[in-house]
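The exercises below ask you to read a structure step by step. Look at the sequence and the model first, and try each task before turning to its solution.

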Amino acid sequence: MTIKVGDRIPSATLMTMGDDGPQAIQTDAFLAGKTTALFAVPGAFTPTCSARHLPGFRDRAGALRDKGVDQIACLSVNDAFVMGAWAADQDINGEVVMLADGNGDFTRALGLELDASKFGMGGRSQRYSMVIEDGVVTALNVEEGGEFRVSSAEFLLDQL
């Protein structure tokens, strides 16, 4: 079952790259009392994700904060090392929290998994964006296969 507006984000442990290596992030604590713009990509370093999706949120971080977003997070079914390297490559500088769902457990719990095995990528996340207020989904934008429109930072900004 796919998560929907009004649902609470499931409790999960995600990873991020810290100064001393991978660090665990608990979704309950990370989302508590905050408005979060979360977007997910099928894979770090992939063409649309690197050229448009992540840069859009990085470049519009100030505008999102001006509209009440406390934190911006990018999720991918990659490991924390890959997400850390991608953040450095994309010059993120702390504008976006890079969340690794290495085994895809969180993505499956949301019901937003993508079978990309025909591309040699295995289980991944669908491309989406959402607004989460204190752990509850208030907006959800899931792309149709191969598209990049409703999950963009621009689209999400118009919803705030």
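**Exercise 1.** Which residue in β5 is the bridge partner of Cys-74?

Solution. Bear in mind throughout that this is a predicted model. Begin with the pairing of the strands: β4 and strand β5, which spans residues 97-100, pair in the parallel sense over four bridges. Within this pairing, Cys-74 has Met-98 in β5 as its bridge partner. The chain itself passes from β4 through helix α4 (residues 80-89) to β5, and this β-α-β crossover is right-handed.

**Exercise 2.** Find the strand that is joined to β4 by six bridges, and give the residue that stands opposite Ile-72.

Solution. The strand is β3, made of residues 35-41, and β3 and β4 run parallel. Following the pairing to Ile-72 in β4, we find that Ala-37 stands opposite.

**Exercise 3.** Explain why strand β4 is described as largely enclosed by the rest of the structure.

Solution. First take the strand as a whole: six of the six residues of β4, residues 71-76, are buried, and therefore the strand is largely enclosed by the rest of the structure. Then take the faces in turn, for both are covered. On one side Gln-71, Ala-73 and Leu-75 are buried, and on the other side Ile-72, Cys-74 and Ser-76 are buried. For Cys-74 the relative accessibility is 0%, which is why this residue counts as buried.

**Exercise 4.** Decide why Cys-49 and Cys-74 are not joined by a disulfide.

Solution. Recall that a disulfide is a covalent bond between the sulfur atoms of two cysteines. The cut-off needed here is that the two sulfur atoms lie within 2.5 Å. The closest cysteine sulfur to that of Cys-49 belongs to Cys-74, and because it is 7.7 Å away, it is too far for a bond. The count of disulfides by this rule comes to zero. Cys-49 nevertheless counts as buried, because its relative accessibility is 0%.

**Exercise 5.** Compare the length that helix α2 reaches with the length expected at 1.5 Å a residue, and list its buried residues.

Solution. Helix α2 covers residues 47-59, which is 13 residues, and from its first C-alpha to its last it reaches 17 Å, close to the expected 18 Å. Its buried residues are Cys-49, Ser-50, His-53, Leu-54, Pro-55, Gly-56 and Phe-57.

**Exercise 6.** Is Ser-125 buried or exposed?

Solution. Locate Ser-125 in strand β7, residues 123-125. Because its relative accessibility is 0%, Ser-125 counts as buried. Leaving aside residues up to four places away in sequence, Ser-125 touches several residues, including Val-77, Thr-107 and Leu-112.

Conventions:
Residues are numbered from 1 along each chain as its sequence is written. This is a predicted model: local features need pLDDT of at least 70, side-chain atom pairs count only at pLDDT 80 or more; totals for chains, interfaces and linings use all residues. Side-chain values use heavy atoms; hydrogens and water are left out. Helices (H or I, at least four residues) and strands (E, at least two) are DSSP runs, numbered from the N terminus. Buried means under 20% relative accessible area, exposed over 50%, partly exposed in between (1.4 Å probe, protein chains only). Contact means heavy atoms within 4.5 Å. The expected span of a helix is 1.5 Å times one less than its number of residues. Two strands pair if DSSP finds at least two bridges between them. A crossover is right-handed if, with the strands pointing away from the viewer, the path from the first strand over the helix to the second runs clockwise.
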